Amino acid sequence: MKKEISIILEEVNGVFNKMDVGATELLLQQLQPATRVFIVGEGRSGFMAKAFAMRLMHLGLNVFVVGETITPSLAKGDLIIAISGSGSTNSVISVAAKGRDIGCKVFSITTNNQSDLANVSNEVLVIPAATKNRLNHETKSVQPLSSLFDQCVHVLCDAVCLNYSLSQSISHELTYSKHSNVE
């Protein structure tokens, strides 16, 4: 098992060594307490999106997951964070395009800066990891499907949350006070 863990960590580090983190700074600038944040993703990317949304909620942001029954309508000035490895997931593109038409800021996280999702986004953060499609521009991986992309999204989003919490002096105690107490 140590060998497999080493392989995964090596692949993740390889992706982050290739990545331009400048777009991460742009994402951090968009995360403001007064801004409503809508997170969208499907499948495995959707699970990463929901994990990110939960962490942002713990940090005190006004965040919603697109597709949940309590998600309100989009409005001008909202921030949409759209996650799709391929950038070709129709439902994610549809939400991003609708938001852009309304006047939302659309920030996408994908492997493909030439994708349909990237084309409807204001900003694109490219994670050059492998997806299920194994396209030429993607980093090679021995892991199945989009595991490498999913892992990198999770680590990157956690790094964004850590940076945000440090810059806003948000303590562990404050985030813990927002953690569910009905478990």
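**Briefing: helix packing, the parallel sheet and selected loop residues**

Helix α2 passes helix α6 in a right-handed crossing. The structure described here is a predicted model, and the points below take up this helix pair, then an open sheet of five strands, and finally three loop residues, namely Ala-75, Leu-145 and Ser-169.

**Packing of α2 against α6**

- Two packed helices are described by the angle between their axes and by the distance between those axes.
- For α2, which spans residues 22–30, and α6, which spans residues 147–167, the packing angle is about 50° and the axes lie 10 Å apart. That angle makes α2 oblique to α6, a class that takes in angles which are neither roughly parallel, roughly antiparallel nor roughly perpendicular.
- On the α2 side, the residues that meet α6 are Thr-24, Leu-27 and Leu-28, and their counterparts in α6 are Leu-156, Val-160, Asn-163 and Tyr-164. Sorted by class, this contact of α2 with α6 consists of five nonpolar and two polar residues, with no charged residue.

**The five-stranded sheet**

- The sheet is open, its strands follow the order β2-β1-β3-β4-β5, and the pairing is parallel. The edge positions are held by β2 (62–65) and β5 (123–126), each of which has a single partner strand, so one side of each is left without a neighbour in the sheet.
- From one strand to the next, the twist averages 20°.
- Strands β1 and β2 run parallel and are joined by four bridges, with Val-37 standing opposite Val-63 in β2.
- Strand β1 (36–41) is largely enclosed by the rest of the structure, because five of its six residues are buried.
- Strand β3, residues 79–83, pairs with strand β4, residues 105–110, in the parallel sense over five bridges, and Ile-80 stands opposite Val-106 in β4.
- Helix α4, made up of residues 90–102, lies across β1, β3 and β4, and its direction is at about 160° to that of β3.

**Ala-75 in the loop between β2 and β3**

- Ala-75 is found in the loop between β2 and β3, where its relative accessibility of 30% means that it counts as partly exposed.
- Leaving aside residues up to four places away in sequence, Ala-75 touches Arg-36, Ile-102 and Cys-104. Cys-104 is 29 residues apart from Ala-75 in sequence, while the C-alpha atoms of the two residues are 6.7 Å apart in space.

**Loop residues with positive phi**

- Most residues other than glycine have a negative phi, and that is the background for the next two points.
- Leu-145 lies in the loop between β5 and α6 and has a phi near 50°, which is a positive value in a residue other than glycine. With a relative accessibility of 48%, Leu-145 counts as partly exposed, given that the class of exposed residues begins over 50%.
- Ser-169 is placed in the loop between α6 and α7 (172–177), and although Ser-169 is not a glycine, its phi is positive at about 55°. At 67% relative accessibility, Ser-169 counts as exposed.

Conventions: Residues numbered from 1 in each chain as written. Predicted model: local features only at pLDDT ≥ 70, side-chain atom pairs only at ≥ 80, totals over all residues. Heavy atoms only, no water. Axes fitted to C-alpha atoms, helices over the stretch in contact; angles between N-to-C directions. Helix = DSSP H or I, 4+ residues; strand = E, 2+ residues; numbered from the N terminus. Parallel < 35°, antiparallel > 145°, perpendicular 65-115°, else oblique. Left-handed = near helix turned anticlockwise from the far one by under 90°. Contact = heavy atoms within 4.5 Å. Nonpolar A, V, L, I, M, F, W, Y, C, P; charged D, E, K, R; others polar. Pairing = 2+ DSSP bridges. Buried < 20%, exposed > 50% of the residue type's maximum accessible area, 1.4 Å probe, protein only.
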